[in-house]
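Work through the exercises below with the model open. Try each task before reading its solution.

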Amino acid sequence: AIYKLTDIILTHNHFSKHELVKKSPFLEDIITIVPHGNYTPFVNIRDDKAKSLSYLDLPQDKTILLFFGMIKEVKGLDVLLKAFRQVVDKHPDTLLLVAGRSWENDFIIYQNIIKEENLRDNIIVHEKFIPYEDVEHYYCVSDLVLLPYRKIYQSGVLMMTLSYERPALVSDLGPLKEVITDKKNGYLFKSEDVNDLADKINTILSDRKSLELARKNGKRLITEKFCWDEIGSLIKEAYQSL
């Protein structure tokens, strides 16, 4: 009923438009795609990793992978934990930092996987709401950010990651592939495939030059394609079409 009263709908990507049109074909001509903007005007990028490690009480001599944000079943933390055993076997000095609070599921599910896979020495869990002033420290300490999602329409965490100039490895879901090009400005793995995720992480950690290139290209992408001047122009054009 609301759609039938609407003159224009804005979506963040082609995937969301397709999902809406699939359910309501009459929306095809009134949907305009306006990407999710970056966070660059609102974030403080820290460059002293040692200080941020100390602030978060983390060891200074480890490679740190970050899973950040609200912990939901669709975000695939269980897939990542099962893959991480293979990562630790090949890169024992790697830590997985899980930061965020659980939502509609019990964290004991993930604790059981950590115990079963004997990963307690390689996983640090900050299961809590992360205050805004602490977010910059989590991104500063991370060498790679992981988004092993099962389903998503748009990821604010991905846009935050790129805004903080960190490289990301994400599921090959449609919305994420509209942002990340594999091995160029980030990395893709087959969604819900434990072995592929483990292989991709191990490959990335063995090629630090590729990791730095992805970081730089991700920074360029987020500042150019997802800048607010571009988004403002798209919204203005959409409104003026009415």
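**Exercise 1: a helix with two sides**

Helix α4 (residues 108-116) has Y110, I113 and I114 as its buried residues. The model is predicted: local features need pLDDT of at least 70, side-chain atom pairs count only at pLDDT 80 or more, and totals for chains, interfaces and linings use all residues. Residues are numbered from 1 along each chain as its sequence is written, and side-chain values use heavy atoms, with hydrogens and water left out.

Task: Work out where the buried residues of α4 fall, seen down its axis.

Solution. Begin with the terms. Buried means under 20% relative accessible area, exposed over 50%, partly exposed in between (1.4 Å probe, protein chains only). Helices (H or I, at least four residues) and strands (E, at least two) are DSSP runs, numbered from the N terminus. Next, take the arc, which uses the directions from the helix axis to the C-beta atoms. The buried residues of α4 stay within an arc of 100 degrees, so they line one face of the helix. Finally, turn the helix over. K115 and E116 are exposed on the face of α4 turned away from its buried side.

**Exercise 2: aromatic pairs**

Task: Find which residues the ring pairs link into a cluster with F68.

Solution. Set the criterion. Rings of Phe, Tyr and Trp (its six-membered ring) pair if their centres lie within 6.5 Å; planes under 30 degrees apart are stacked, over 60 edge-to-face, the rest tilted. Searching the whole structure gives five aromatic pairs. One of them is F68 with Y138, tilted, at 6.1 Å centre to centre and 55 degrees between the planes. F68 is in strand β3 (residues 63-68) and Y138 in helix α5 (residues 132-141), so this pair ties together parts 70 residues apart in sequence. Both ends are buried: F68 at 12% relative accessibility, Y138 at 1%.

Now take Y139 and Y164. Their rings are stacked, 4.7 Å centre to centre, with 10 degrees between the planes. Y139 belongs to helix α5 and Y164 to the loop between α6 (156-163) and β7 (168-171), 25 residues apart. Y139 is buried at 1% relative accessible area, and Y164 is buried at 4%. Ring pairs join F68, Y138, Y139 and Y164 into a cluster.

**Exercise 3: salt bridges**

Task: How far apart along the chain are the partners R46 and E136?

Solution. Apply the cut-off: a side-chain nitrogen of Lys or Arg within 4 Å of a carboxyl oxygen of Asp or Glu. The whole structure holds twelve salt bridges. R46 and E136 form one, with the closest N and O atoms 2.7 Å apart. R46 sits in the loop between β2 (31-33) and α2 (49-55), and E136 in helix α5; they are 90 residues apart. R46 is partly exposed at 35% relative accessibility, while E136 is buried at 11%.

Contrast E19 and K22, whose closest N and O atoms are 3.1 Å apart. They are three residues apart in helix α1 (residues 14-23), about one helical turn. E19 is buried at 16% relative accessibility, whereas K22 is exposed at 52%.

Last, E165 and K219 form a salt bridge at 3.8 Å, N to O. E165 is in the loop between α6 and β7 and K219 in helix α9 (residues 208-224), so the pair ties together parts 54 residues apart in sequence. Shared partners join E165, E212, R215 and K219 into one salt-bridge network.
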